[in-house]
Amino acid sequence: MVEPTMNTSTKITTLTPGRSEDMAVQLEVEMADILREDLGMTASEAADKAQAVVRGMRKRMGGGSWYVPVLLDKQARDEAIRREFSGPNSLPGLKRKYGLTERRIYQIARAKQGH
């Protein structure tokens with residue numbers, strides 16, 4: 001059985017059963033890493049818990065697209081951009097790193113100078 005088509009504004013992707021399973025396994029791996037690193041669980045405990053959570057998520061929320069927002073502290077981000085901004089040559093890296101436009105990076109950088 002083929003999973004539902006995920007429709008985004010720029011492309012349509014149909015998930016095959018294999019691709020869907022790969023994504024579930026990757027989610028388990030990421031969750032297990034978090035459980036080990038942040039909660040101090042053993043690798044075995046973390047893997048078991050992550051597998052159970054993903055299994056439950058698939059039952060309750062399977063087939064849909066999920067968006068997990070980035071935890072963003074704009075003030076800290078802007079301060080980091082100001083520290084890292086060193087003129088036009090730094091723009092490509094800052095654009096990639098922070099997912100912002102050139103114009104927005106310039107606005108943030110100028111705010112430091114009171115412009």
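Good morning. Let me begin with one term: a residue is called buried when its relative accessible area is under 20%, exposed when that area is over 50%, and partly exposed in between. By that rule Ser-90, at 11% relative accessibility, counts as buried. Please keep in mind throughout that we are looking at a predicted model.

I shall start with the overall architecture. The protein has 5 helices and 2 strands. Read from the N terminus, the order of elements is β-β-α-α-α-α-α. Of its 115 residues, 18% count as buried. The exposed surface comes to about 9,000 Å², and carbon and sulfur atoms supply 54% of that surface. As for contacts with a separation of 6 or more, 29% of them are between residues 24 or more positions apart.

Next, the nonpolar core. Which residues make up the largest nonpolar core? There are 6 residues in it: Ile-81, Leu-91, Leu-94, Leu-100, Ile-105 and Ile-108. Two elements give two or more residues to this core, namely helix H4, residues 91-98, and helix H5, residues 102-112. As general background, nonpolar side chains in soluble globular proteins tend to be buried together. Within the core, I would draw your attention to Leu-94. Setting aside neighbours within four places in sequence, Leu-94 is in contact with Ile-81, Glu-84, Phe-85, Gly-99 and Ile-105. Two of those names, Glu-84 and Phe-85, will return shortly.

I turn now to the charged side chains. How many salt bridges does a search of the whole structure find? The search finds 4 salt bridges, and I shall discuss three examples.

The first example lies within one helix. Arg-36 forms a salt bridge with Asp-33, with the closest N and O atoms 2.7 Å apart. Both residues belong to helix H1, which covers residues 17-39, and they are 3 residues apart, about one turn of the helix. Arg-36 counts as partly exposed because its relative accessibility is 32%. Asp-33 is likewise partly exposed, with a relative accessibility of 24%.

The next example is the pair formed by Arg-77 and Asp-78, where the closest N and O atoms of the salt bridge are 2.8 Å apart. Are these residues buried or exposed? Arg-77 has a relative accessible area of 13% and is therefore buried. Asp-78, at 12%, is buried as well. Asp-78 lies in helix H3. The side chains of Asp-78 and Arg-77 are also joined by a polar contact of 2.8 Å. Leaving aside neighbours within four places in sequence, Asp-78 is in contact with Arg-104 and Ile-108. Ile-108, you will recall, is a member of the largest nonpolar core.

In the remaining example, the side chains of Lys-97 and Glu-84 meet in a salt bridge at 3.2 Å, N to O. This pair links distant parts of the chain: Lys-97 is in helix H4, Glu-84 is in helix H3, residues 74-84, and the two are 13 residues apart. Lys-97 is exposed, because its relative accessible area is 54%. Glu-84 has a relative accessible area of 31% and so is partly exposed.

Let me move on to aromatic side chains. The count comes to 1 aromatic pair. Its members are Phe-85 and Tyr-106, arranged edge-to-face, at 5.7 Å centre to centre with 70° between the planes. This geometry is called edge-to-face because the angle between the planes is over 60 degrees. The pair also links distant parts of the chain, with Phe-85 in the loop between H3 and H4, Tyr-106 in helix H5, and their positions 21 residues apart. Phe-85 is partly exposed, with a relative accessible area of 22%, and Tyr-106 counts as partly exposed at 22% relative accessibility.

Finally, I return to Ser-90. Where is Ser-90 found? Its place is in the loop between H3 and H4. The side chain of Ser-90 reaches the backbone oxygen of Gly-87 at 2.7 Å. Apart from neighbours within four places in sequence, Ser-90 is in contact with Glu-84 and Phe-85. Those two residues bring the earlier topics together: Glu-84 takes part in the salt bridge with Lys-97, Phe-85 belongs to the aromatic pair with Tyr-106, and both are among the contacts of Leu-94.

Thank you for your attention.

Note on methods: Residues numbered from 1 in each chain as written. Predicted model: local features only at pLDDT ≥ 70, side-chain atom pairs only at ≥ 80, totals over all residues. Heavy atoms only, no water. Helix = DSSP H or I, 4+ residues; strand = E, 2+ residues; numbered from the N terminus. Buried < 20%, exposed > 50% of the residue type's maximum accessible area, 1.4 Å probe, protein only. Contact = heavy atoms within 4.5 Å. Areas by Shrake-Rupley, 256 points an atom, 1.4 Å probe, with all protein chains shown as cover. Core = buried A, V, L, I, M, F, W, Y, C linked by side-chain atoms within 4.5 Å. Polar contact = N/O pair within 3.5 Å; in protein donor to acceptor, adjacent residues only side chain to side chain. Phe/Tyr/Trp six-rings, centres within 6.5 Å; stacked < 30°, edge-to-face > 60°.
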